[in-house]
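Me: I'm new to reading ligand sites and pockets. Could you walk me through one?

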Amino acid sequence: MAYDGIADLYASMFSSRLETRPFARNMIGTFAELVRATGNPRVADVGCGPGHLTAMLHDLGLEAFGFDLSPAMVAHARRTQPALRFEEARMEALPVEDGALGGVLAHYSMIHTPPEELPALLAEQVRVLAPGGLLLVSLFGTEGPEPVRFDHKVTPAYSWPVDRFAELLGGAGFVTFARLLHAPASERGFLDTHVLARRP
Ligand SMILES: C[S@@+](CC[C@H](N)C(=O)[O-])C[C@H]1O[C@@H](n2cnc3c(N)ncnc32)[C@H](O)[C@@H]1O
């Protein structure tokens, strides 16, 4: 996986990023509060990268663990967050029982998934969530009717019209109840987009 070669570099660039990203930080805070209110504190950080947000979820009172398909990212996360559990796994096939989780966080980790593969990936998140469980997806947002493929520094990625993404969430069985779009996002002009959905 492309992230394997840059796990330490990625961590040095992004592990403290939310300190200067109040919208993202507070969306995760809101997500954590809503998950705690479900009474099920178990949360998966899917595509967790170096594990800094898994640690943030833990600090917010949740029983958080992380999954990533990149062995180097998982190794980095285990090294820097030794008290937390990290496993190599694909978001498309999580080693989690049906209905086990109160929440799933996907912070810029679904950006690399080709649009045609997203329905199955989202259905997997529905599977692992308990009824009432929450999903917070952060991604690049764009105008226009269709997702836009672009050459991300690591591996190709997609930015999404938020309505199209919410449609996919609905198709997978989620109810989207909050969206936050804001600048600056990136030099490419995408909006930072955060979507909160619930499994009914
Ligand atoms: C942009 S990084 C985001 C990492 C972290 N969530 C963050 O916000 O810093 C994307 C991460 O998602 C992981 N990833 C991408 N596709 C994945 C998949 N299908 N299953 C599991 N992990 C995936 C990559 O290995 C990488 O660590």
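Here we look at the ligand and then at its pocket.

Reply: This is a predicted model, where local features need pLDDT of at least 70 and side-chain atom pairs count only at pLDDT 80 or more, while totals for chains, interfaces and linings use all residues. Residues are numbered from 1 along each chain as its sequence is written, and side-chain values use heavy atoms, with hydrogens and water left out.

Me: Which residues come nearest to the ligand?

Reply: A residue is near a molecule if one of its heavy atoms lies within 4 Å of it. Of the 19 residues around this ligand, Y10, G47, D68, M91 and H107 come nearest.

Me: Which atom of the ligand lies 2.7 Å from a polar side-chain atom of Y10?

Reply: A polar contact is a pair of N or O atoms within 3.5 Å. For Y10, the partner is an oxygen atom of the ligand. G47 uses a backbone N or O atom, 2.8 Å from a ligand nitrogen atom.

Me: Where does the ligand sit?

Reply: Rolling a probe the size of a water molecule over the atoms shows where empty space is left. On a 1 Å grid over the protein atoms alone, a pocket is an open set of points where a 1.4 Å probe fits, with protein on both sides within 12 Å along at least five of seven lines; lining residues have an atom within 4 Å of a point. A molecule sits in a pocket if more than half of its atoms lie within 2 Å of its grid points. The ligand sits in the largest pocket, whose volume, the space filled by probe spheres set on the points, is about 1,100 Å³. Among the 48 lining residues, Y3, Y10, Y108, I111 and H152 are the closest to its centre.

Key
Polar contact = N/O pair within 3.5 Å; in protein donor to acceptor, adjacent residues only side chain to side chain.
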